[in-house]
Amino acid sequence: MGMSLKSGEGEDDLGEVSEINVTPFIDVVLVLLIIFMVAAPLSTVDVAVDLPSSNAPPAERQGEPVYLTLKRDLSLALGEEAVASGALAAALDRQTGGNREERVYLRADEAVAYGDLMETMNALRTAGYLKIALVGVEAAPPAGAQPPAPPAP
């Protein structure tokens, strides 16, 4: 492919070829493909993550917040009353007065699996409540730390 043979008498030189030799390019691409095929599974290793707790001051709330709690046994509680998962939409409508723009504060037990928490969030989304806030535990300040100074006027 990279050269042209001419039949001429007494001519030892090969003529110039105007075609591009792509064989080295293909070799490089195949080597890179093999490298990425070997390296890709190594980069998807499960990593244990300990998420930090927040020490930011809580935002001021307007009115009484709507708390939905996912307990350890995967039962739901809206405020203080138990709610069946099938009746979640109706209970939320009663609690919020049908206002689907109101924020729902979702809190879950530490032992609840991530998939179960996502199922509850999907149930909220199906019910039409798209403003969902996850509730966490406020961390205690480190020993010897001073509280933040109030903002200047």
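Reader: What does the secondary structure of the chain come to?

Author: In this predicted model, the secondary structure comes to 3 helices and 5 strands. From the N terminus on, the elements run α-β-β-β-α-β-α-β.

Reader: What makes strand 3 and strand 5 edge strands?

Author: The 5 strands form an open sheet in the order 3-2-1-4-5, with mixed pairing. Strand 3 (81-83) and strand 5 (132-134) each pair on one side only, and they are the edge strands. Neighbouring strands of this sheet are turned by 30° against each other on average, direction ignored.

Reader: How do you know that strand 2 and strand 3 pair?

Author: Two strands pair if there are at least two bridges between them. Strand 2 (residues 76-78) is joined to strand 3 by 3 bridges, so the condition is met. The two strands run antiparallel. One bridge involves L76, whose partner in strand 3 is V83.

Reader: Which strands does helix 3 touch where it packs on the sheet?

Author: Helix 3 (residues 114-127) touches strand 1 (66-70), strand 2, strand 4 (104-108) and strand 5. The direction of helix 3 makes about 160° with that of strand 4.

Reader: Why is T69 called buried?

Author: T69, which is placed in strand 1, has 16% relative accessibility. Buried means under 20%, and T69 therefore counts as buried.

Reader: What makes the pair of T69 and R107 a polar contact?

Author: The side chain of T69 and the side chain of R107 make this contact at 2.8 Å. The cut-off for a pair of N or O atoms is within 3.5 Å, so the value of 2.8 Å satisfies the distance condition. Not counting residues up to four places away in sequence, T69 touches S75, L76, A77 and R107.

Reader: Which residues have the most contacts inside the largest nonpolar core?

Author: This core has 16 residues, and those with the most contacts inside it are L68, L78, L88, L92, V104 and L124. Two or more residues each come from strand 1, strand 2, helix 2 (88-96), strand 4 and helix 3. As for L68, the residues that it touches include L78, L88, V104 and L124, leaving aside residues up to four places away in sequence.

Reader: Why is E101 called exposed?

Author: E101 is placed in the loop between helix 2 and strand 4. The relative accessibility of E101 is 55%. Exposed means over 50%, and E101 therefore counts as exposed. The C-alpha atoms of E101 and K131 are separated by 6.7 Å, although these residues are 30 residues apart along the chain.

Reader: Why is L74 called partly exposed?

Author: L74 has a relative accessible area of 43%. Buried requires under 20% and exposed over 50%, with partly exposed in between; L74 is therefore partly exposed. L74 lies in the loop between strand 1 and strand 2. The backbone of L74 has a positive phi of about 70°, although L74 is not a glycine.

Reader: How many residues are in the chain, and what share of them is buried?

Author: The chain has 153 residues, and buried residues make up 16% of them. The chain exposes about 12,800 Å², of which carbon and sulfur atoms supply 57%.

Reader: What share of the contacts with a separation of 6 or more comes from residues 24 or more positions apart?

Author: Such residues account for 62% of those contacts in the chain.

Definitions and conventions
Residues are numbered from 1 along each chain as its sequence is written. This is a predicted model: local features need pLDDT of at least 70, side-chain atom pairs count only at pLDDT 80 or more; totals for chains, interfaces and linings use all residues. Side-chain values use heavy atoms; hydrogens and water are left out. Helices (H or I, at least four residues) and strands (E, at least two) are DSSP runs, numbered from the N terminus. Axes are lines fitted to C-alpha atoms, for helices over the stretch in contact, and angles run from 0 to 180 degrees between N-to-C directions. Contact means heavy atoms within 4.5 Å. Buried means under 20% relative accessible area, exposed over 50%, partly exposed in between (1.4 Å probe, protein chains only). A polar contact is a pair of N or O atoms within 3.5 Å; within protein, one must be able to donate a hydrogen and the other to accept it, and residues adjacent in sequence count only if both atoms are side-chain atoms. A nonpolar core is a set of buried Ala, Val, Leu, Ile, Met, Phe, Trp, Tyr and Cys residues joined through side-chain atoms within 4.5 Å. Accessible areas come from the Shrake-Rupley method with a 1.4 Å probe; for residues, only the protein chains shown count as cover.
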